[in-house]
Amino acid sequence: MGVFAAVGVLLPFPYYYWLWTNPQAWVNLCGKDKNPSKVMSYVSHFLKLLQFISLFSVSTLSWPPPLYFWPLFGFGQFLNFSLGLLTLAVAACQVYQLLGECGTYYGVRFGKNIPWVTEFPFGVIQDPQYVGSILSLFACLSWTPFQYILLWTLGYVFMIYVESKEDPATRAKPIS
């Protein structure tokens, strides 16, 4: 396993963990005039780019993809687009409509009042953004060695666990 690729694939997860467990430090670091969710989105997109570069460095692309690619990738991206996340396809949207930037990028942890969303896919699938990302990753198995897909998936599973243990008392207070 290439060390560069492995580190690159895992790169965002320590950042997400730190933000989730230290939201007040992030809010303070961003300061009064900056939206911590927006700053998080910028850093997250940069880390996601590095993650993709790492994954592509060990991938062998060929066309056409195997038949299993289309349903896994299609449904995975449908879930992600309905969440407004950037995953294995660069785009934006449907869930930004449901959650918005602050809902997608830990706004509740940064002291924002985010309404609970129960519309599809949230009312049907637990952690749909992670499920969609994992499906999309597994769709790429014909191009990318399994160990990198597994590492990335373990990162998502770790964050699902971390985020499931949210304690409202540890949420950040807005800077006044």
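This is a dialogue about reading helices, ring pairs and one unusual peptide bond in a predicted model.

Biologist: Where should I begin with a predicted model such as this, and which helices and strands does the protein have?

Modeller: The protein has eight helices and zero strands, so that the order read along the sequence is α-α-α-α-α-α-α-α. Of its 176 residues, 44% count as buried, and the accessible surface comes to about 9400 Å², with 68% of that area belonging to carbon and sulfur atoms. Among contacts between residues at least 6 apart in sequence, 70% join residues at least 24 apart.

Biologist: How do I read two packed helices, and at what angle do the axes of H2 and H3 cross?

Modeller: Two packed helices are described by the angle between their axes and by the distance between those axes. Here the axes of H2 and H3 come within 5 Å and cross at roughly 95 degrees, and the two helices are therefore roughly perpendicular to each other. On the H2 side the contact is made by Tyr-15, Trp-18, Leu-19, Trp-20 and Thr-21, while H3 contributes Pro-23, Ala-25 and Trp-26.

Biologist: Several of those residues carry rings, so how is a ring pair described, and how many aromatic pairs are found in the whole structure?

Modeller: A pair of aromatic rings is described by the distance of the centres and the angle of the planes. A search of the whole structure finds 14 aromatic pairs. One of them joins Tyr-15 and Trp-26, whose rings lie 5.8 Å apart centre to centre with 80 degrees between the planes, an edge-to-face arrangement. Because Tyr-15 lies in helix H2 (residues 12-21) and Trp-26 in helix H3 (residues 23-30), this pair ties together parts that are eleven residues apart in sequence.

Biologist: Are Tyr-15 and Trp-26 buried or exposed, and what kind of pair do Trp-18 and Trp-26 form?

Modeller: Tyr-15 has a relative accessible area of 14% and is buried, and Trp-26, at 7%, counts as buried too. The rings of Trp-18 and Trp-26 have their centres 6.2 Å apart and their planes at 85 degrees, which makes this pair edge-to-face. Trp-18, however, is partly exposed, with a relative accessible area of 33%.

Biologist: Which residues do the ring pairs link into a cluster, and which charged end sits over the ring of Trp-20?

Modeller: Ring pairs link Phe-13, Tyr-15, Tyr-16, Trp-18, Trp-26, Phe-52, Phe-56, Tyr-130, Trp-152 and Tyr-156 into a cluster. As for Trp-20, the charged end of Arg-109 sits over its ring, 5.0 Å from the centre.

Biologist: Phe-52 is in that cluster, so where is Phe-52 placed, and how far is it from Val-9 in sequence and in space?

Modeller: Phe-52 is placed in helix H4 (residues 36-56) and, at 10% relative accessibility, counts as buried. Its C-alpha is 7.5 Å from that of Val-9, although the two residues are 43 apart in sequence. Ile-53, also placed in helix H4, counts as partly exposed at 43% relative accessibility. Between Ile-53 and Gly-8 the C-alpha distance is 7.9 Å, across a sequence separation of 45 residues.

Biologist: Finally, how should I read the peptide bond from Trp-63 to Pro-64, and is it cis or trans?

Modeller: Most peptide bonds are trans. The bond from Trp-63 to Pro-64, by contrast, is cis, with omega near 0 degrees, and Pro-64 is placed in the loop between H4 and helix H5 (69-81).

Terms used
Residues numbered from 1 in each chain as written. Predicted model: local features only at pLDDT ≥ 70, side-chain atom pairs only at ≥ 80, totals over all residues. Heavy atoms only, no water. Helix = DSSP H or I, 4+ residues; strand = E, 2+ residues; numbered from the N terminus. Buried < 20%, exposed > 50% of the residue type's maximum accessible area, 1.4 Å probe, protein only. Contact = heavy atoms within 4.5 Å. Areas by Shrake-Rupley, 256 points an atom, 1.4 Å probe, with all protein chains shown as cover. Phe/Tyr/Trp six-rings, centres within 6.5 Å; stacked < 30°, edge-to-face > 60°. Lys NZ or Arg CZ within 6 Å of the ring centre and 35° of its normal. Axes fitted to C-alpha atoms, helices over the stretch in contact; angles between N-to-C directions. Parallel < 35°, antiparallel > 145°, perpendicular 65-115°, else oblique.
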